[in-house]
Amino acid sequence: MANLSELVGTFIQNTMSPSGGERVGNVLKDLQANVGNMVNRQGGAGGILDKVLAQAKTTLGNASQNPAQAAGLGAVLGSLLGGGGSSVSGAIKGGALAMLAGIAYKALTNAGQGAEGGSAPVFSGGAVPVGMTAAQTPADHQVLANTAELVIKGMINAAKADGEVSADEITRIVGKLKEAGMTGDTEAWIMKELRQPLDLDAFAAAIPNQEVAAQVYAASLLAIEVDTPQEVAYLADLARKTGLDATVVQNIQQTLGAKV
């Protein structure tokens with residue numbers, strides 16, 4: 001899908017749970033406090049994520065420092081995480097994927113893991129995951145496109161954990177994505193994913209490594225409240241079937257301020 005990676009932010013804004021805004025505030029606060037120093041120690045660069053965090057600090061002020069006061073966070077998510085097309089002017093292209101990559105980077109680094117696991121972090125972009133910095137090669141762009149597809153599919157699957165996505169909700173989501181510049185082939189794919197039954201085994205098998213698994217898990221926590229037994233079980237199954245270490249899962253939950 002040509003523009004799927006640019007639509008992740010729009011998708012997050014229009015499918016996240018009622019507490020999603022507060023969880024994004026928690027993420028921004030946590031990454032501002034921790035990721036910069038971690039990246040510098042690795043000799044890498046924050047790139048796009050640096051821009052997201054800087055704009056969050058400028059635009060959100062106290063909201064990014066104190067998520068409990070982030071009632072107005074939703075009004076500015078477009079400028080932080082928006083995608084292409086007619087989305088909010090000044091949006092940071094790739095901001096949503098940069099945020100999710102930052103969550104994965106922090107969780108995996110703290111656990112001593114990376115894209116391939118093992119004793120030292122190894123990421124798709126070398127020192128950091130692709131997405132935290134701008135894609136430089138065709139291979140980087142393909143990684144971003146594949147990750148965006150899995151992140152969106154993961155959020156859709158999480159929403160199906162305790163039932164189907166309603167026809168009205170499908171119409172609303174697709175309408176918002178069209179406003180943000182969604183093309184015909186992407187629309188067809190989104191509609192198919194929203195309507196088909198949940199198959200977690202097949203989905204987990206398509207996730208290539210721990211880096212992407214961590215991003216999918218984080219996005220799933222934005223999509224649902226995790227206030228039903230079915231949602232709790234779904235997230236546990238997602239972590240288990242993608243091989244996410246318990247320490248990584250706990251770190252992601254802590255970054256989002258989510259209790260599961």
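Me: Contact here means heavy atoms within 4.5 Å; which residues, leaving aside neighbours within four places in sequence, is Leu256 in contact with?

Reply: Once those sequence neighbours within four places are set aside, Leu256 is in contact with Arg23, Asn26, Val27, Ile103, Ala218, Leu221 and Leu222. The model is predicted, so local features need a pLDDT of at least 70 and side-chain atom pairs count only at 80 or more, while totals for chains, interfaces and linings use all residues. Residues are numbered from 1 along each chain as its sequence is written, and side-chain values use heavy atoms, with hydrogens and water left out.

Me: What makes Leu256 stand out in the largest nonpolar core?

Reply: A nonpolar core is a set of buried Ala, Val, Leu, Ile, Met, Phe, Trp, Tyr and Cys residues joined through side-chain atoms within 4.5 Å, and the largest one has 79 residues, among which Leu256, together with Ile190, Tyr217 and Ile252, touches the most other members. Helix α6 (residues 95-110) gives this core its largest share, eleven residues; helices (H or I, at least four residues) and strands (E, at least two) are DSSP runs numbered from the N terminus.

Me: Why does Asn251 count as buried or exposed?

Reply: Buried means under 20% relative accessible area, exposed over 50% and partly exposed in between, with a 1.4 Å probe and protein chains only; Asn251 has 9% relative accessibility and therefore counts as buried. Asn251 has its place in helix α13 (residues 246-256), and, apart from neighbours within four places in sequence, Asn251 is in contact with Lys106, Ala107 and Asn110.

Me: Why is the aromatic pair of Tyr105 and Phe123 called stacked, edge-to-face or tilted?

Reply: Rings of Phe, Tyr and Trp (its six-membered ring) pair if their centres lie within 6.5 Å, and planes under 30 degrees apart count as stacked, over 60 as edge-to-face and the rest as tilted. The rule yields one aromatic pair, that of Tyr105 and Phe123, with 5.4 Å centre to centre and 50° between the planes, and hence tilted. Tyr105 belongs to helix α6 and Phe123 to the loop between α6 and α7 (138-159), so the pair ties together parts 18 residues apart in sequence. Both Tyr105 and Phe123 are buried.

Me: How do you know that Asp30 and Lys106 meet in a salt bridge?

Reply: A salt bridge requires a side-chain nitrogen of Lys or Arg within 4 Å of a carboxyl oxygen of Asp or Glu, and for Asp30 and Lys106 the N to O value is 3.3 Å. Because Asp30 lies in helix α2 (residues 20-42) and Lys106 in helix α6, this pair ties together parts that are 76 residues apart in sequence. Asp30 and Lys106 are both buried, and theirs is one of six salt bridges in the structure.

Me: What makes Asp201 and Lys241 a pair that links distant parts of the chain?

Reply: The N to O value of their salt bridge is 2.6 Å, and Asp201 lies in helix α10 (residues 200-206) whereas Lys241 lies in helix α12 (residues 229-242), 40 residues apart. Asp201, at a relative accessible area of 49%, is partly exposed, and Lys241 counts as partly exposed at 32%. In another salt bridge, Asp237 meets Arg240 at 3.2 Å, N to O; both lie in helix α12, three residues apart, about one turn of the helix.

Me: Why do the buried residues of α12 line one face of the helix?

Reply: The buried residues of α12 are Glu231, Tyr234, Leu235, Leu238, Ala239 and Thr242. Seen down the axis of α12, they fall within an arc of 130°, so they line one face; the arc is that of the directions from the helix axis to the C-beta atoms. The face turned away from this buried side carries the exposed residues Pro229 and Arg240. Cover for the buried residues of α12 includes α7, α10, α11 (210-223) and α13.

Me: How do you know that the reach of α8 is close to what is expected?

Reply: The expected span is 1.5 Å times one less than the number of residues, and helix α8 (residues 167-179), with 13 residues, reaches 19 Å from its first C-alpha to its last, close to the expected 18 Å. In α8 the buried residues are Ile170, Ile173, Val174 and Leu177, and they fall within an arc of 95° seen down the axis, so they line one face of the helix. Asp168 and Thr171 are exposed on the other side of α8, while its buried residues pack against α1 (8-15) and α9 (184-195).

Technical notes: Contact means heavy atoms within 4.5 Å.
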